[in-house]
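Q: I should like to learn how to read the features of a protein model. Could the teacher take me through them one at a time?

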Amino acid sequence: MRNRTVATVIASSAIGLLLAACGGPPGSGGGGADGSSEAEKHAQQVYDKINGLSGQERTDELVRLAEEEGELSIYTSNSDMDDLVKGFEDAYDIKVSVYRGNSESVLQRVLQEQSAGFHGVDTVETNALELNVLNKEGFLAPYESELRDQVREEGQAENWTASRFNVFVIGWNTKLVKPGEEPKTLEELADPKWKGKVSLELSDVDWFAAMVKYYEDQGMSEAEIVELFKKISSNSKVVKGHTVQGELLSAGQFSVAASLYSHTVDKAAEAGAPVSWHPSSGKPVEPIVLRPNGIGLMKTAQNPAAAMLFVDWELREEGQQVFADKFRIGSMPSDSDPLEGLEAVEVPESELLDNGKKWDDLYAEVVKGGEEVSGG
Amino acid sequence: MLHIDNLVKTFDGERRKRARSNGKEEAAATKIFAVNDVSFEVGEGELFTLLGPSGCGKTTTLRAIAGLEKPDAGHIAVGERVLFSSKPGEKTVNVPANSRGLGMVFQSYAIWPHMTVFNNVAFPLQVMKRGERPAKREISERVMRVLETMELGSYANRQATKLSGGQQQRLALARAIVIEPTLLLLDEPLSNLDAKLRESLRYELKRLQRELGITSVYVTHDQIEALALSTKIAVMSDGNVVQLGRPREIYQNPNNKFVAEFIGTSNFISGVVSAHRGEQYTVETNDGRLLLDSAADMPGGTEVVVSVRPESMELYEESRPDLPNEWRGSVLTRAFLGDSVDHVIGVGKHELRVRCNPSISIAPGSDVYVRMPPENLSLVPVN
Amino acid sequence: MTTASPALGQETVAEPARWRRWLPTPKMLILGMVGLAIGYLALVPLYYLLWGTFFDGNGVTFGGFERAYGHSQILPLIGNSLWFAIGAAVLSLVVGTSLAYLNVRTDVPFKALFFAASIVPLIIPGILYTISWIFLASPDIGLINRLIEPVFGSGAIDIFTIWGMVWVEGLHLSPIVFLLMVAAFRSMDPSLEESALMSGATRWQVFRKVTVPLTRPAIVASILIMVVRSLESFEVPALLGLQNGIYVFTSRIYFVLRSYPPDFGAAGALAVGLLVLALIGVAMANIVGKSGKNFQTVTGKGFRPRPMELGKWRPVMGVAIVLYFILTVIAPLVVLLYTSLLKFYTAPSWDVFKTMTLDNYRELAGMSKAMTALQNSLALGLGSATLVMAFMAIAAWIVVRSRIRGRHLLDQLAFVPLVIPGLVLGLALSFVYLRSPIPIYGTLFILLIAYVTRYMPYGMRYAVISMHQISNELEESAQVSGASWWQTFRRVLLPLLAPGLLAGWVYILVVSFRELSSSILLYSPGNEVLSILIFEQFEDGEFTVLSALGVVMVLTLILLVSIAYKLGAKVGLNRN
C-alpha cells in the first residue's frame, strides 16, 4: 500500500512522544530521585538546625535564613490565605507565591509533582485528611517550636500542625424558625415536623463519621444511628457545597442546615442575613464537630526556612487574628474562645483515612434517603 | 494538440461477498468503469465536444484532463507536454491540477461568492508563481480587458453573487480564459440557464471561441448544443466513445442505434440487406423495399436498421411513382410546432414521424405518400 | 491497487528535479502537522485515562468497570441521566434551531436581541445560572412563583424536578445550537426554500421537508454535543436534582473521584462508557454528512437572501422572542445584578433596595489578582479559540475533502476530549509536562494546551459542518485556476468557512472563561485565570462578590464578541 495512513502516523508518533516524555506509563511514579535527595538534604539541614534552637536565638536565625531565601511557595485550600500572606510579606522581606485550589487538587498536585521530582512547593496548608495522606506518603518534615506546643491538643498531628478549626454547627434561618422553636438536638431533626425544612450537604462525610462515633459512645448501635440519619435525610433537601447551602439558608429555601460551618453562619449574620447558630436563649446545639485544618513542611522544600517562618506566623497572634476576623476558630487557645463550654467531638481522621470508602458509601446511602445506591 | 490515449478510470462499486475456491468468503470491491479505454485527439483551435447522457463518463473524462480526477491508466498530453501517464512498467506522471495551466468553466460556474467580479477574474493571475506573476497593473489591465470582452466591464466591483445567471456564466468564462490557457474545458456551461438565454449564449460562445482561437473541450448532454457548436463530437455511452466525427456526419450517419436515437429524433425501420453494389444498397423491410447510399460494408443477408430523420422525409397527397422509396400510409396524428408541423404516419406496422413545412397540414385519417430520399437514409448495423 | 488514491494526486510532478521529490510539499507539511497535533492532544489524556482504567499494580483489570457499573441502582441512574440528557438536548435543539431560523431567514422583529440571547447564557457561570433559577422558580422562595401565586396557588412551578433540570440545562446549552445553526442557515440558498414554497407547500412543510434535511449535518452535530454535554453535566443535577433525590450517572463520577484515594479506575470506566457512546455519535454524524452534495448549500451560483415574511405571525413571533429573551437573559442577569448589589441574598423588597451598595464591585476592583486573571483569561481565550479554529479548519478539510486513509479516525480523535473529565485531563498534562524537557509546566502554555484540547471537539464540529456546505467545485475551480493547495485554502475556503469558524471561535472564547476543572490543577501563582477567581470567591462564600464578577464577565465578553462580529462581518460571505 502506497498511502501511509493518517491513523498509523498519528498513533505511533503520539504514543512515541508521550512515552518519550514520560519514560514510562503513568502510575509508575519514581523519577527525579537525584534532584530530590540533594534538595531533601538541604531542607533537612535547615529544619534540624532550627528545630535544635529555641527562644529568641531560634527566631533570629530563622528570620535570617528565611530572608536569605527570599521566596516562599505555598499550596493551599485555605480561603483566608490572602490576608495571611499580606501580613507576612509586610513583616518580612520574602516574596510569597500562593497556589490555591480545593483540597483534592492541592493533594493531586503535590502527588504529581513529587512523583516527577519537581519541587514546586515549600509548605502545604489544607484539610486534615489531605495532610494525613501527604504524611503517609512520607512527604512531610516535622515542625517543632514552642508555638506548636501551645496548639490545642487535637491540632498537634503527626508531622503537621493545625492552624485553625472548621466547626460544624446546626444553623437556622431566624425568620423561618421562631425564637424558642430552634432545634435542641440533631435527633430532633428526624421529627416529621421538620419535613422538607432541613438541609444536608452531599460531601460532609467527616461530620457524619464524627457524629456516628459520638452516638456510638452514647451507646447507640450502628443500625440505630444509620436509621436516625436516614430519618433526618428523609426530612432533608440535599445540597452540594457549603456556600450554596449558606446562601440558600439565608434566602429561606430551607429552615435548618444540619452541618454548616460556624464561620459561614457568623459571617452571613454579620452582613445582616437572618441566620444564626445561637438560639435566642440557651446554648447552641451540642455536640459541635471540630475538624482541624493545618500546615505541614515539605521535605523537599526549596525554601525551608521561609516555610518554617510562615508556620510560625500562622500560629502567632497576627496569624490567629486573621482567622478570628473571618469568624474562624484559631488553633491557639485564646481568652475569648467562642467554643468555651461547648461539648465538641473530633472528626476521626485516621479512621477516614483507612476506611474512607466505607464511610463514603455509608453517607451516600444516608443522603439518598435510605435508598441503597452506592455499591462496592 | 490534446492527445488522450487509452484512458481508464474506475470507481469503487458496492462491496459484495465473493466466494473463494477454498470456501471462504472475501469481500471484494466491484469496480465500475466510468471511463473505459477512451482515446481521441483534439486539433489546434478545435471545439471538441464530449456528448452523451448522464453517467456516460464524459464529465469524468473532462475532469481527468483537468487533473481533478486521477485516472487508473492511460495517457494525457497537451502538445508535447505530458499531463498524465500511467502504463504498466513505467513511472506514473501526474501533473497536479494547479500546474496544468488549463482553463475550466464549471457547470455551476463555481464563482467564489465572497469575491467581487474583478477579484474572481484576477485570482488565476494572482496565484501564479512568483516570477511568472504579472505586475499588479498588468493584472488589472488584463482582467479589465477580459471583462470588457465579456461585456462585464461595468460590473467589475460588484459582488459576484449579485450578477444574473447569464452574467455569471460569462464571468466564469472570463475567469477561465484570463490566463490565456492552451486548452479550455467547459463542463455543461449552459445547462443552468433558461432556454432563451442558452440559445443566445451558445452563439456568443461559438463566436468567442473562434475569435480567440482557443482549443476547447466541451461536455454536454444536449445534442443541439453539440451540433451547433462543435468542430468535432465524440458521442459517449457507458464509458466508451461510440462515434467520433464532425457534427454533420454524426447527425446524418449515425453508426449505431444509440447514436441515432440520442442525436435528435429518428425513425427506425428494420430490414435485411438484399443486395448492394458499391455504396448503393437495397434493403428489404416488412413494408417495402428501400434504396439507399452507405459507405458501410455489409454483405447481403445482414440484418440492419435504416434510420431516417423526420425532417428528411417528404409528404405528398399524390403518388410520384417515378421517385424511389415511396410508401403509402395514413395520417394518425399531427402536431403544430410553430416552425414546423409533425405528422405521424402509419405505414403497415411502422409509425413514422415526418416533419413538414408549416404550410403543410394534413388532417388525420387522410391517405398520404411518404417519400424518403436515398441520400437521407442511413444504415445502422444491428448489434 | 490504487483504490484510495488521493483525489488530487501530488505524488509525482512532471518536471521538477529529482531532489524535489524528497521534500514534502507545504500541503503535506501542514496536513501532517495538524494531524499530529490533534493526535497528540487527544491521545495523551486518552492514554492516561485508559491506563488508569485498565491497569492497576498487577496488570490488566476490569475492576473499574465493576465498581462503576456493577450495582443494583445503576439502571435507574442511567435512566435518569438519559431522560435528563435527551430532554435537555431536545429542548436546546428546538429552541436553538427555531431562534437561529427566525433570526437568519425571516423578518422577525427585535433581531438585535438575538445576539445577547446567544451568548449571555454561555457567559454566566453554570453555578450562578442555576442558582439564579433557584431564586426564580423554587417552590419555596422563587420570585416567579411569588408573582403567579394569586392565580396558580403557591409553588406552582418546581425547579427541583427532572423537568426543571431539563429546562435549566436546555436553556443553558441552547446557545451552542443557536451558533451552530445560524452558521448553517446563513449559507443556505433561499431559493431552495422558495421553490418548495412555490410548489404549494406551507411554511411549516417547507421548514420540515426542505430546511431541516438540508441542515442535517448541523442538527446531528448539535444533538451529539448536547447529549454528551448533558450526560457529563453535574452542576445542574447537583444543585437541582439532589434536593428531591434525583441522581444521575455523573454523580457516580463525583463520588468515585471524591474519596481518597480517588478511584480513577471507576471514573475512567464511566468515561469510557461515554466515549463509546460519543464515538458512535461521531460515526453517525459522518454517515449523515456523507451523502455529500446534498448539503453543499454554498455553491458557485449566486443567491440573494430574502428574509421570509412572517406576515400575521410576525407579532406573535416577536412576543415569543421577547419572552425567550426575558427568560434566558434578562431574568438570570437581573438576579445576578441584583445580588451583586447586596451584602447577602434576600428576596427583593423596598427595604432591600435601600441597602444596595457597590461594595462588591469595589472589593473586586481592589483585588490585585482580578486584573491579572482577566488578562490571562483573555489571552487564553483568544489564543485557544484562534488556535483551535485554525487547526480544525484544516482538520475538517482532511476529514471532509481529502481521501486520505484514516481521515475519519482524525474526526473521532478530535472528539475524544469531550468525554475526558477535566480533572483527568489536568492530571495527564501535569504528568507529561512535569517529565517533559519542554519547560511549560507552571506557565500559561500548559493551560493553553489544556484549553485547546478541551475545546477541540467543539471546534471540529463547527468546522466540519461548514466544510460540508461548501461545494467541491468552488475548490476545484481555484485549483484549475492554478492556485496551490494553500492558496486555495486561504483565499477560497477560509473566507467561505468564516461564518462557521467565527461562531466556533466565539463559543470557545466565551466558555473558556469558565473552564475550571483542569485549570485548577494546572494554573500556577501569577497565572491565575478568572475561573479560579470565581472558584475562590465561591469557596469563600462570597456569593455577592461572585455575582459582581459574573456581571463584569458578561459585560467584558459582550464587548469582545461584538468587536469580533464587527470584524468578522468584513471578511467572508457578505450575505446580509
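The dialogue below goes through a predicted model, feature by feature.

Q: To begin with chain C, how many helices and strands does it have?

A: Chain C contains 25 helices and two strands. Of its 576 residues, 61% count as buried. The surface that chain C exposes is about 21500 Å², and carbon and sulfur atoms supply 68% of it.

Q: What share of the contacts in chain C, between residues at least 6 apart in sequence, joins residues at least 24 apart?

A: The share is 79%.

Q: How is a helix to be read, for instance α5 of chain A, and what span should its 13 residues have?

A: In general, an α-helix has 3.6 residues a turn, so residues three or four places apart point the same way. In chain A, helix α5 covers residues 103-115; at 1.5 Å a residue its 13 residues should span 18 Å, and the end C-alpha atoms are indeed 18 Å apart, which agrees.

Q: Is α5 of chain A mostly covered or mostly uncovered?

A: This helix is mostly covered, with 11 of its 13 residues buried. Among the buried residues are A:Ser103, A:Val106, A:Leu107, A:Arg109 and A:Glu113. After α5 of chain A comes A:Gly117, which has a positive phi near 70°.

Q: Which residues other than glycine have a positive phi, as B:Tyr109 does, and where does B:Tyr109 lie?

A: The general idea is that most residues other than glycine have a negative phi, and most peptide bonds are trans. B:Tyr109 departs from this with a phi near 70°. It is placed in the loop between β7 and α2 of chain B. Because its relative accessible area is 2%, under the 20% limit, B:Tyr109 is buried. Another case is B:Glu188, with a positive phi of about 40°. B:Glu188 lies in the loop between β8 (183-187) and α5 (195-212) of chain B, and its relative accessible area of 7% makes it buried.

Q: Is the peptide bond from A:Glu286 to A:Pro287 cis or trans?

A: That bond is cis, with omega near -5°. A:Pro287 belongs to the loop between β10 (275-276) and β11 (288-298) of chain A.

Q: Why does B:His114 count as buried, and what does its side chain reach?

A: B:His114 counts as buried because its relative accessibility is 14%, and the limit is 20%. This residue lies in the loop between β7 (103-105) and α2 (117-126) of chain B. Its side chain reaches across to chain C, where the backbone oxygen of C:Arg491 is at 2.8 Å.

Q: Where is C:Arg105 placed, and is it buried or exposed?

A: C:Arg105 is in helix α3 (residues 74-105) of chain C. With a relative accessible area of 4%, C:Arg105 is buried. The side chain of C:Arg105 reaches the backbone oxygen of C:Phe185 at 3.5 Å.

Q: Which residues touch the most other members of the largest nonpolar core?

A: They are A:Phe310 and B:Leu2, in a core of 302 residues. This core draws at least three residues from each of domain 1 (33-165 + 292-330) and domain 2 (166-291 + 339-367) of chain A. Apart from this core lies another, of 57 residues, which includes A:Val238, A:Leu352, C:Ile74 and C:Leu270.

Q: Leaving aside its neighbours within four places in sequence, what is B:Leu2 in contact with?

A: Its contacts, with those neighbours left aside, include B:Phe40, B:Val42, B:Ile65, B:Ile76, B:Leu183 and B:Val217.

Key. Residues numbered from 1 in each chain as written. Chains lettered and ligands numbered in written order. Predicted model: local features only at pLDDT ≥ 70, side-chain atom pairs only at ≥ 80, totals over all residues. Heavy atoms only, no water. Helix = DSSP H or I, 4+ residues; strand = E, 2+ residues; numbered from the N terminus. Buried < 20%, exposed > 50% of the residue type's maximum accessible area, 1.4 Å probe, protein only. Polar contact = N/O pair within 3.5 Å; in protein donor to acceptor, adjacent residues only side chain to side chain. Contact = heavy atoms within 4.5 Å. Areas by Shrake-Rupley, 256 points an atom, 1.4 Å probe, with all protein chains shown as cover. Expected span 1.5 Å × (residues − 1). Core = buried A, V, L, I, M, F, W, Y, C linked by side-chain atoms within 4.5 Å. Domains from an automatic or database assignment.
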